[in-house]
Amino acid sequence: MHGGRAAGDGNWLGARFVVTVGPVAHGGHCVARHEGRVVFVRHTLPGERVVVEVTEDRQKGFCRADAVEVLAAAADRVERPCRSSGPGRCGGCDWQHVSHAGQLRLKADVVREQLSRLAGLDVDVTVEPLPGGPLRWRSRARFAVDRTGSPGLRRHRSHDVVPLDDCPITAEPAAQAVLSRRWLDAGAGAVDVALDSAGVVTTTTLDRRGRPLETQVLRPGAEVPEEPAGRAQRTAGGRDWEVEGTGFWQVHPAAADALVAAVAGFAAVQPGETVLDLYAGAGLFGGALAPRVGVDGRVVCVESDEAACAAADANLADLAQAEVWQGDVDAAGLTELLGDLGRPDVVVLDPPRAGAGPEVSRVIAGARPRAVVYVACDPASLARDVAAFGRAGYRLAEVRAFDAFPMTAHVECVALLVPA
């Protein structure tokens, strides 16, 4: 025990003790052990000796803690660039205390460990940095609003709002559009903000149930926001794109180009082929691959969100070989779609964080495409689905990982699956 109360029998909440930190784990923490229990520790690095304070103890086998004092620091430890980061403060970032090179190594270790533990694969992984460095990359964010109208972000695993006057990982025009004012709209609980390729900032105020209340845009050089007159503009893959103002788009300004290049390289589509683009959003991957299949090929983009489908229709209007189908990507709907479409040569999928799931993975594998290109924002979900594809006769041929979310625990992966 080092100050505070000691860990012992019963609940350890609030206890402080010294641990030597073990390996990094998925989720922005490292693993340590104390008196036979696992302790998931934030704000530390593998190999460090730290004093921890237990912040949550709800399970018999493990508890959660913050490193509140560093007794022996790792070589990759640095001063946090954000004064709101640290134990008990803003929970928006996980690795502010780690050098950027160190963050890349930690994320590679996580992807490698998830593929080993959940898919039984030994894969060499390198996380590739994106241009621009680890700060001011975030072009789209959601800030919470407390009961006084002050904007900020929540503490880790908490509903408490930490008021902020800046967020160093968010593009400055987007951060200041939200954090420089009070949000006194009746019932405001959050504000979505996005900065598009033309420098236009869009804000959408949400109520405490996440329902939109009001959307405004602020154009470069303007002092007063206005009602939105159209969609936000994005540029990627050599094309211009339209999306809903604060609708889904890759958060890092360099991510869309990097992912399009990775997807296109793995897909290697040929003229005349059929491509099925699942969870297609505004049509980014389908639109990038459509010119490659040529006028005799076919690209079918499937998306459930009505606004995203409308944007995809507009984005792909000049590509006669591309079409947009609105519908959920589930096993039954996908089976029906494949019955109409026939065997696709390539399937591209970019599912939400929870992944495609075993049933959807099984249906895709049952269609026997020559290649499946899987874009994943969560390595655990990717590994589980890779295992499902493995049971259905597909193997992981290659994986690339990108640091599309610097300072956080998130990492974007693109995987190529081919028939075993």
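Modeller: Before we start, a word on terms: the strands here are DSSP runs of E with at least two residues, the helices are runs of H or I with at least four, and both are numbered from the N terminus. Please also keep in mind that this is a predicted model.

Colleague: Fine. Where is H43 found, then?

Modeller: H43 is in the loop that links β4, residues 37-42, to β5.

Colleague: And is H43 buried or exposed?

Modeller: H43 counts as buried, because its relative accessibility is 5% and the cut-off for buried is under 20%.

Colleague: What does H43 touch?

Modeller: Leaving aside residues up to four places away in sequence, H43 touches D66, A67, R77, R80, G86, P87 and H97.

Colleague: You mentioned β5. Which strand does β5 pair with, and in what sense?

Modeller: β5, which covers residues 49-56, pairs with β1 in the antiparallel sense, over five bridges. Within that pairing, V19 stands opposite V50 of β5.

Colleague: Which side chains of β1 are buried?

Modeller: The side chains alternate along β1, residues 16-20, with F17 and V19 buried on one face, whereas R16, V18 and T20 point to the other face and are not buried.

Colleague: Changing topic, how many salt bridges are there in the whole structure?

Modeller: The search of the whole structure finds 23. One of them joins the side chains of E113 and R117, with N to O at 2.9 Å.

Colleague: How far apart are E113 and R117 in their helix?

Modeller: They are four residues apart in α1, residues 100-119, and so about one helical turn separates them. As a general point, an α-helix has 3.6 residues a turn, so residues three or four places apart point the same way.

Colleague: How accessible are E113 and R117?

Modeller: E113 has 32% relative accessibility and therefore counts as partly exposed, while R117, at 53%, counts as exposed.

Colleague: Which residue does D207 meet in a salt bridge?

Modeller: The side chain of D207 meets that of R211, with an N to O distance of 2.8 Å. D207 counts as buried, because its relative accessibility is 13%, whereas R211 has a relative accessible area of 47% and is partly exposed.

Colleague: What does E359 form a salt bridge with?

Modeller: E359 forms one with R362, and their closest N and O atoms are 2.8 Å apart. Both residues belong to helix α7, residues 358-366, where they lie three residues apart, about one turn of the helix. E359 is partly exposed at 42% relative accessible area, and R362 is also partly exposed, at 46%. Elsewhere, E56, R64 and R157 are joined into one network by salt bridges that share partners.

Colleague: Staying with α7, which of its residues are buried?

Modeller: V360, S361, V363, I364 and A365 are buried in α7.

Colleague: And what do the buried residues of α7 pack against?

Modeller: They pack against several elements, among them β16 (274-278), α6 (331-341), β19 (346-349) and α8 (379-391). Just after α7, R368 takes a positive phi of about 55 degrees.

Colleague: I was also curious about D305. Where is it found?

Modeller: D305 is in the loop between β17, residues 298-303, and α5, residues 306-315. D305 counts as partly exposed, because its relative accessibility is 40%, and its side chain reaches the backbone nitrogen of A308 at 2.8 Å.

Colleague: How far is D305 from V348?

Modeller: Their C-alpha atoms are separated by 18 Å, and the two residues are 43 residues apart along the chain.

Colleague: Last topic, the overall fold: how many helices and strands are in the protein chain?

Modeller: The protein chain has eight helices and 22 strands. Its C-alpha trace spans about 70 × 55 × 35 Å along the principal axes. The radius of gyration is 23 Å, which agrees with the value near 22 Å for a compact globule of 420 residues.

Colleague: What share of the residues counts as buried?

Modeller: Of the 420 residues, 55% count as buried. The chain exposes about 18,200 Å², of which carbon and sulfur atoms supply 49%. Among contacts with a separation of 6 or more, 59% are between residues 24 or more positions apart.

Conventions. Residues numbered from 1 in each chain as written. Predicted model: local features only at pLDDT ≥ 70, side-chain atom pairs only at ≥ 80, totals over all residues. Heavy atoms only, no water. Buried < 20%, exposed > 50% of the residue type's maximum accessible area, 1.4 Å probe, protein only. Polar contact = N/O pair within 3.5 Å; in protein donor to acceptor, adjacent residues only side chain to side chain. Salt bridge = Lys/Arg side-chain N within 4 Å of Asp/Glu carboxyl O. Rg over C-alpha atoms; globule rule 2.2 N^0.38 Å. Contact = heavy atoms within 4.5 Å. Areas by Shrake-Rupley, 256 points an atom, 1.4 Å probe, with all protein chains shown as cover. Pairing = 2+ DSSP bridges.
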